[in-house]
Amino acid sequence: MYPTLQAGETVLVNIKAYDHQTPQADDIVMALHPNLPNQKIFKRVQFVNEYGRIYLIGDNKTESDDSRHFGPVPPENILGKVTSRLR
């Protein structure tokens, strides 16, 4: 998520944020990579489509592995919402 999140930066993630609501555009989320199930990724929500799948995009668009490559992800791949950064 560079340049928004820096390598090694600590973030707080609310794992209950989406228990009763869907992610919103511009939320930064922690998700499971759909092709690498043990890898957690941090991406920005661009939109939620009519089927409830979430389109994720990285802030560094030239380098990011995101929904442009793997498509929208199912809601169960979203692990939580980033709420704070600790420097």
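Reader: What makes up the surface that the protein exposes?

Author: In this predicted model, the protein exposes about 5,500 Å², and carbon and sulfur atoms supply 50% of that area.

Reader: And what makes the protein count as compact for its length?

Author: Let's start with its parts: there are one helix and five strands, and from the N terminus on they run β-β-β-β-α-β. The radius of gyration is 12 Å, and the globule rule gives 12 Å for 87 residues, so the protein is as compact as a globular protein of that length. If you'd like a box to picture, the C-alpha atoms fill one of roughly 35 × 30 × 25 Å along the principal axes.

Reader: What share of the 87 residues is buried?

Author: That's 39% of them. To get that label, a residue must have under 20% relative accessible area.

Reader: How are the five strands arranged in the sheet?

Author: Their order is 1-5-2-3-4, in an open sheet with antiparallel pairing. From one strand to the next, the twist averages 55°.

Reader: Why are strand 1 and strand 4 called edge strands?

Author: Because each of them, strand 1 (10-14) and strand 4 (54-57), pairs on one side only.

Reader: How do you know that strand 1 and strand 5 pair?

Author: Two strands pair if there are at least two bridges between them. Five bridges join strand 1 to strand 5 (residues 78-86), so this couple passes the cut-off. The two strands run antiparallel. For one bridge you can look up yourself, take Val13, whose partner in strand 5 is Val82.

Reader: Does the cut-off work for the other edge too? What joins strand 3 to strand 4?

Author: Four bridges, in the antiparallel sense, with strand 3 covering residues 40-48. Put that against the need for at least two, and therefore they pair as well. Val48, for instance, has Ile54 of strand 4 as its bridge partner.

Reader: Which residue in the hairpin of strand 3 and strand 4 takes a positive phi?

Author: Gly52 does, near 85°, in a hairpin with five residues between the strands.

Reader: What makes you say both faces of strand 4 are covered?

Author: Check each side: Ile54 and Leu56 lie on one, Tyr55 and Ile57 on the other, and all four are buried. Buried means under 20% relative accessible area, so both sides of strand 4 meet that mark.

Reader: One last thing: how much of the contacts comes from residues 24 or more positions apart?

Author: Such residues account for 53% of the contacts with a separation of 6 or more.

How values were computed: Residues numbered from 1 in each chain as written. Predicted model: local features only at pLDDT ≥ 70, side-chain atom pairs only at ≥ 80, totals over all residues. Heavy atoms only, no water. Axes fitted to C-alpha atoms, helices over the stretch in contact; angles between N-to-C directions. Buried < 20%, exposed > 50% of the residue type's maximum accessible area, 1.4 Å probe, protein only. Rg over C-alpha atoms; globule rule 2.2 N^0.38 Å. Contact = heavy atoms within 4.5 Å. Areas by Shrake-Rupley, 256 points an atom, 1.4 Å probe, with all protein chains shown as cover.
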